[in-house]
Amino acid sequence: MDLDAILSDTENRQVEYKESDNAAMYKTLSAFSNTNGGVVLVGVADDKAIVGFNCSNKKIKEITDTIANKLLIHPVITSHAVEGKKILKIEVSKSPNPVSYDGKYYSRVGNTTRGMQAEELKRYFLRTTQWDNIQGDFNPDEIDEQTVKSFVKLGLDSGRMPPSAASESVTEILEHLNLLHNGKLTNGAIILFGKNPQKYFTNALVRIGRFKEEDIIIGDKLAGGNLFRQLEGAEEAIKGFINVRYEISGDSFKRKEIWDYPLNAIREALLNSVVHRDYFMSNRQTQIKIFDDYIWFHNPGGLPLGVTIDDIVKLHSSIPRNPLIADVMYKSDFIEAWGTGIERMCSAFSDAGLLPPEFKEEMGGFSVYFRKSFDLEQIMKSQALNDRQKRAVEYVIENGEISNKTYQELNSVSRTTAIRDLKELVSSGVLKRTGVGKSTVYKQ
């Protein structure tokens, strides 16, 4: 900010005048850092009268050290001569992390500096802080070395970890993953590689229930430990609650497992639920409810700001809520970094001839529904089908397939209308198109 422009303007939300370097000045610097940045002019009275300030190198170093040690920020500090007197200009930018002074957080409201109240502070942390990057007072012994070694092997096998990782210590691995800063472990390190993360994050686990009805539960399992153990335990629990049948194919009599739901889609849903959940919502668990005809996956925390359900069913850029967790899962070859998980999930269901998964924001979180069968009633509820399309779906269920010509005859419509309607049924995952030219038909 230009000094002349500042002095010619009234004190505002991004400029404040101080006669000395008192506690109020440091609170204001905290507030500027937590909002949109700003400038403090020291040696200037509230009425903009120049009173002057000691701008010796010793004094500037003292202020610089105090700001660096107490606020953990690095502003631009310069001295200026105005009306024959020295003043100090301290300019700070908006910080990517919350900035406190003596353990308290401040914000700028209009042209005043105010301490953040509990609810405001909570909202601020949720909006600005990366949960998996927060450092805690964790003992290094909390890390399970075997989990780290298993992760490194996965990363080396996938080619997503450098060969040098094979000879690095656990400490070096965690530092390179940005999970250890200046000797301090982060939340991400504990939830990914901890021996017992629930010691600190009680509800950071997956609960799997088998239900006959909403109020009749016949099986209940918890998948705890670090995220690698949670994923393994949750998958085994789900497989224990769903059905599998076997098909013998070919002359070799090889047995093929056919599960109620595609296992690769189950793994994608599990990964999404632990990688993208909002861990700040510490009073809630990731939940999976398994009914006779569907599975419900639910994790705390909705979609990122500006992202809609319509966006996620298309190819989209990945916007991870917990980027350090997502990075470890990527290096493990568990997920891709391109936002293709939803697409792979839908493709797995389409290949299995099942109704595509449903995605909803509800109850303060994100839900995925897997349906077991190609159920006409559920199609009518979950898809915005017109009467012609509903009639066609009924026809396919009864006859196995439908052609464009049959669609025209069934609904008394033109070829163009039939093409449009059938294209919508394919893009929504209700039907699949097979064949080319005149042999093109549409099936489940």
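**Reading a cavity and a small sheet**

Modeller: Let's start inside: the largest cavity here has a volume of about 40 Å³. Keep in mind that this is a predicted model.

Biologist: Okay, how many cavities of 30 Å³ or more does the structure hold?

Modeller: Just one cavity reaches that cut-off.

Biologist: Which residues line the largest cavity?

Modeller: Look for A269, N272, S273, F297, N299, F366 and V368. Sorted by class, that lining has four nonpolar residues, three polar ones and no charged ones.

Biologist: And which element gives the largest share of the lining?

Modeller: That's α9, with three residues. At least two lining residues come from each of α9 (263-275), β15 (294-300) and β17 (365-371).

Biologist: Now sheets. How do strands of a sheet pair?

Modeller: In general, they pair through backbone hydrogen bonds, either parallel or antiparallel. Here, try the open sheet of three strands: its order is β5-β6-β7, and the pairing is antiparallel.

Biologist: Why is one side of β5 and of β7 left without a neighbour in the sheet?

Modeller: Because β5 (100-101) and β7 (112-115) stand at the edges, and each has a single partner strand.

Biologist: How many bridges join β6 and β7?

Modeller: Four bridges, in the antiparallel sense, with β6 covering residues 104-109. To find one of them, go to Y106 and look across to its bridge partner in β7, G115.

Biologist: Which helix packs on this sheet?

Modeller: Helix α2, residues 23-34, which touches β5, β6 and β7. Compare directions, and you'll get about 70 degrees between α2 and β6.

Methods: Residues numbered from 1 in each chain as written. Predicted model: local features only at pLDDT ≥ 70, side-chain atom pairs only at ≥ 80, totals over all residues. Heavy atoms only, no water. 1 Å grid on protein atoms, 1.4 Å probe; cavity = no way out; pocket = protein on both sides within 12 Å on 5 of 7 lines; lining within 4 Å. Points joined across faces, edges and corners; volume = space filled by probe spheres on them. Nonpolar A, V, L, I, M, F, W, Y, C, P; charged D, E, K, R; others polar. Pairing = 2+ DSSP bridges. Contact = heavy atoms within 4.5 Å. Axes fitted to C-alpha atoms, helices over the stretch in contact; angles between N-to-C directions.
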